[in-house]
Amino acid sequence: MRITVYCGASLGNDEIYKNAAIEMGRWIVNNRHQLVYGGGKLGLMGIVSDTVMSEGGEVTGIITHFLTERELANEDITKLIKVDTMPERKKIMIDLGEVYIALPGGPGTLEEITEVVSWARIGQNSNPCIFFNINNYYEPIKNMFDNMVNSGFLTAEDRDKFLFTTSYEEMENFIKTYTPPVTRKYK
Ligand code: AMP
C-alpha cells in the first residue's frame, strides 16, 4: 500500500521522535508498502524518507518549488514531484496515499492530518487516518476530539474512525478492518 506519512520538518527535542520515524520507515519497507511524504530532507521527514530508501524501499516526495531550498528537497528518493502551491502538494499526497499517518510534527503536520480527518466525515476521503501517538505527543488532540464528542460537535461513531496508537499491530488491524464514516448529514 502507499502510506502517506505527515511529520515535522524538525526533529523535536527528544531522540524518541527520531527513533519513531526510523521505526516507521522500517515498518513500511518490511511490509512492502511505499512511502508518500512531503519531499523534504530536514527533520523527521528526512529521517523517515532516508530510512525507507536505505532499507531498499520506494519513496515518492511532493514538494513546492518555493520550499525546495528552504526545506532542502530530498533528491535521493525514488520520485520527487515539484508543484507550485501547497494545496497542490497536499492534494497529491492525499490522492496517492491509501493510508494517512501522522508522526509528531508542527503546524504543517497538524493541518495535513486534520484535513484528511475532516474530509473523511464529508465523504471526501475513504482511507484510514492514524495519529502515531509516540511519547503521548498527540494526547491534547485526542482530548480535543473527546471534547468535541462531549460537547456535541462530533459523533462518538465518527470519533472512533480515527486511531491514536503506538502499536503497529493495532495499526495493521485498524487498516485491515477500516470502513469510512457514514457521510455526515446536517439536521
Ligand atoms: P511542520 O509540521 O510544521 O514541521 O511541517 C511539516 C510539513 O508540512 C512541511 O513540509 C511543511 O512545509 C508542510 N506544511 C506547512 N504548512 C502547510 C500547509 N499549510 N499546507 C501544506 N503543508 C504544509
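User: What share of the 187 residues in the protein is buried?

Analyst: This is a predicted model, and in it buried residues make up 48% of the 187. To be called buried, a residue has to come in under 20% relative accessible area.

User: What makes the radius of gyration agree with a compact globule?

Analyst: With 187 residues, the globule rule gives a value near 16 Å, and the protein has 16 Å, so the two agree. The C-alpha trace spans about 50 × 35 × 30 Å along its principal axes, and the secondary structure comes to eight helices and seven strands.

User: Why is Leu 42 called partly exposed?

Analyst: Its relative accessible area is 34%. Buried needs under 20% and exposed needs over 50%, so a value in between is partly exposed. Leu 42 sits in the loop that links β2 (34–37) to α2 (43–54). Asn 74 is 32 residues away from Leu 42 in sequence, with 8.4 Å between their C-alpha atoms.

User: On to the ligand. How many residues surround it, and which are the closest?

Analyst: There are 16 around the ligand, and the closest are Ala 9, Glu 71, Arg 89, Gly 106 and Thr 109. By class, that shell has six nonpolar, five polar and five charged residues.

User: What makes the pair between Thr 109 and the ligand a polar contact?

Analyst: The cut-off is N or O atoms within 3.5 Å. A polar side-chain atom of Thr 109 lies 2.6 Å from a ligand oxygen, so the pair qualifies. Glu 111 passes too: an N or O atom in its side chain is 3.0 Å from a nitrogen atom of the ligand. For Pro 107, a backbone N or O atom lies 3.5 Å from a ligand oxygen.

User: How much of the ligand does the protein bury?

Analyst: Taken alone, the ligand exposes 490 Å², and the protein buries 81% of that. The elements giving two or more residues to the shell are α4 (86–96) and α5 (107–121), with α5 giving the most, five residues.

User: How do you know that the length of α5 is close to the one expected?

Analyst: α5 has 15 residues, and the expected span is 1.5 Å times one less than that number, so 21 Å; from first C-alpha to last, α5 reaches 21 Å.

User: Which residues of α5 are buried, and what follows the helix?

Analyst: Thr 109, Glu 112, Ile 113, Glu 115, Val 116, Val 117, Ala 120 and Arg 121 are buried. In an α-helix there are 3.6 residues a turn, so residues three or four places apart point the same way. After α5 comes Gly 123, with a positive phi near 75 degrees.

Definitions and conventions
Residues numbered from 1 in each chain as written. Predicted model: local features only at pLDDT ≥ 70, side-chain atom pairs only at ≥ 80, totals over all residues. Heavy atoms only, no water. Near = heavy atom within 4 Å. Polar contact = N/O pair within 3.5 Å; in protein donor to acceptor, adjacent residues only side chain to side chain. Areas by Shrake-Rupley, 256 points an atom, 1.4 Å probe, with all protein chains shown as cover. Helix = DSSP H or I, 4+ residues; strand = E, 2+ residues; numbered from the N terminus. Nonpolar A, V, L, I, M, F, W, Y, C, P; charged D, E, K, R; others polar. Buried < 20%, exposed > 50% of the residue type's maximum accessible area, 1.4 Å probe, protein only. Rg over C-alpha atoms; globule rule 2.2 N^0.38 Å.
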